[in-house]
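Please open the model in your viewer and keep the selection tool at hand. We will go from stop to stop, choosing something to select each time.

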Amino acid sequence: MPGFARWVLIATLAAVPAHAQIDPRGALLERTGWEAIAAGQGAAAAKAFREALAADPKNARLHLGAGMAAALERRDEDARDSFERALTLDPKLIRARVLLGQVQYRLGALADAIRTYEQLIADAPDDLDAPAALERWRREADLHDRMQRAIGTHFTVSFEGPAEAELAAQALESLDRAYWRIGPLLGVYPSDPIPVVLYTSEQFRDITRSPAWAAGAYDGTIRVPMRGALDQSAELDRVLAHEFTHALVRTLASRNVPTWLNEGLATALEGSDLEWARKDVRAAGGAAPLDALRSGFGRFSGEQAQVAYATSALAVKRMLDEAGGVAVANLLRDLGGGADFDSAFLHRMQRSFADFQAGAAF
Ligand SMILES: [Zn+2]
C-alpha cells in the first residue's frame with residue numbers, strides 16, 4: 001500500500017495556516033486538526049474538525065480537513081463526502097479536488113476520478129501531478145473497456161482478448177479453490193463478487209505502479225500480471241490465493257492492520273509449506289522485528305522484501321497454530337473497529353504481543 005505515506009505527505013503540505021478567524025475556539029480546533037493531520041493522527045484530526053464544523057458548518061476548509069482525517073483513517077466514503085461538500089461550498093478549493101479524485105480512484109470509481117481530474121486540470125493548469133495521473137487513469141479505463149469478463153459466483157475475472165479466455169477460466173477455478181480453502185479457515189465468506197483483472201506485465205506496472213518484485217496487487221480489485229503463468233498453475237494458485245487473502249482482510253478490517261499481519265496472513269495462506277521462509281530468515285541472520293514491519297513493504301528492495309515477507313509469514317503462521325484462524329479474523333475485526341493493537345492482540349491471542357515477539361523461535 002504505497003498510498004498511505006503519500007497521504008501523510010499530502011496532508012503535511014496542505015497544513016497551511018488559515019486566515020484570521022473571528023471565533024478563537026474554532027481557530028484553535030482547526031489548528032489542532034491540521035497539526036493532527038500533519039502528525040498522521042486521523043482520529044484526533046477527525047474529532048477536532050467535527051467539533052469545529054459543529055460551530056461553523058459552511059466552512060469549506062473544515063470539510064477539507066474532515067475529509068483528510070477520514071482518508072487517513074481509510075474511511076474513504078466519508079472522505080469523498082467531505083471533499084464533495086467542501087467543493088460545493090468552494091469550487092475553487094483545489095486541494096479538495098486533488099484528494100477527491102484520489103479517493104474516488106481508491107474506491108474503484110474510475111470514471112468519477114477521471115471527471116474530477118478533468119475539472120482539476122481546467123481549474124489548476126499548473127498542477128504538475130494531475131495530468132500524469134489523469135493519463136494513467138484514462139489508459140486504465142480504455143483497457144478495462146476493451147476487456148472481456150468471466151463471471152463466477154464469487155469472482156469476476158476481466159481479461160483482454162480471446163487468447164486469455166482459457167487463462168481466465170483457469171484463474172476462476174483457482175480462485176474458487178482459494179475461496180473454499182481459506183474462507184472456512186478464517187470463517188469469512190465475502191458475499192459480493194470480488195473483481196479480478198488479468199494484465200500483461202507491462203499493463204500491471206503501469207496501472208498499479210507496484211515495485212518490480214510484486215507478483216500481484218489488491219486495492220479493492222485483485223490485479224495480477226500473467227507472466228506466462230498459464231504453464232505454471234502452482235504459481236497462479238499461489239498468487240491468486242495471496243491476493244484473495246488480502247481481499248478477506250479488507251472485508252474484516254479496512255484500516256489499522258499492520259503490514260506484517262496483512263502480508264503475513266496472505267503469505268502464510270498462499271501455499272502449505274513455509275520451509276523457504278525459515279531458510280530465508282536463517283540466511284538473513286534472523287527475523288526482522290515485527291515493529292519495523294508495520295507499514296508498507298513497497299519501500300524495500302527485493303531482498304529486504306523477501307525477509308520481510310518470510311518474517312511476517314512465520315509470525316502469522318505461529319498465530320494461526322496457537323490461536324486458530326477465527327481468532328486471527330477476530331483480531332482483524334477488532335483492529336478495523338479501531339481497537340488498540342496491544343489490547344486486541346492480548347484479548348484474541350491470549351498472550352501479550354511483547355511475549356509473542358520475545359518467543360519468536362524461527
Ligand atoms: Zn501481499
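Start by selecting β4 and β5: these strands pair in the antiparallel sense over two bridges. Strands here are DSSP runs (E, at least two residues), helices are runs of H or I with at least four residues, and both are numbered from the N terminus. Two strands count as paired if DSSP finds at least two bridges between them. Before moving on, note that this is a predicted model, in which local features need pLDDT of at least 70 and side-chain atom pairs count only at pLDDT 80 or more, while totals for chains, interfaces and linings use all residues. Residues are numbered from 1 along each chain as its sequence is written, and side-chain values use heavy atoms, with hydrogens and water left out.

Stay with this pair and pick Tyr218, which stands opposite Ile222 in β5. The two strands form a hairpin with three residues between them, and Gly220 in the turn has a positive phi of about 105 degrees.

Next, select β5 alone, residues 222–225. Ile222 and Val224 on one side, and Arg223 and Pro225 on the other, are all buried (under 20% relative accessible area, with exposed being over 50% and partly exposed in between, using a 1.4 Å probe and protein chains only). β5 also pairs with β3, in the parallel sense and over four bridges; find Leu198, which stands opposite Val224 in β5.

Now widen the selection to the whole sheet. What is the order of its five strands? The sheet is open, with the order β1-β2-β3-β5-β4 and mixed pairing. β1 and β4 stand at the edges with a single partner strand each, so one side of each has no neighbour in the sheet.

Move along to β2, residues 155–159, where five of the five residues are buried. Four bridges join β2 to β1 (residues 148–151), and these two run antiparallel. The bridge partner of Arg149 in β2 is Ser158, and that of Gln148 is Phe159. Another four bridges join β2 to β3 (residues 194–199), this time in parallel, with Val197 in β3 as the bridge partner of Ser158. To get from β2 to β3, the chain goes through helix α9 (residues 165–186), and this β-α-β crossover is left-handed. A right-handed one would run clockwise from the first strand over the helix to the second, with the strands pointing away from the viewer.

Time for the metal: select the zinc ion. Its protein donors are His242 (NE2), His246 (NE2), Glu263 (OE) and Glu263 (OE), lying 2.0 to 2.8 Å from the ion. Donors are N, O and S atoms within 2.8 Å of the metal (3.2 Å for Na, K and Ca), and water is not among the atoms, so sites may look incomplete. In sequence the donor residues are spaced H-x3-H-x16-E. His246 lies in helix α11 (residues 233–252) and Glu263 in helix α12 (residues 259–268), so the pair ties together parts that are 17 residues apart in sequence. Are these two buried or exposed? Both His246 and Glu263 are buried.

For the last stop, select Phe244. Its contacts (heavy atoms within 4.5 Å) include Phe155, Ile194 and Ile222, not counting residues up to four places away in sequence.
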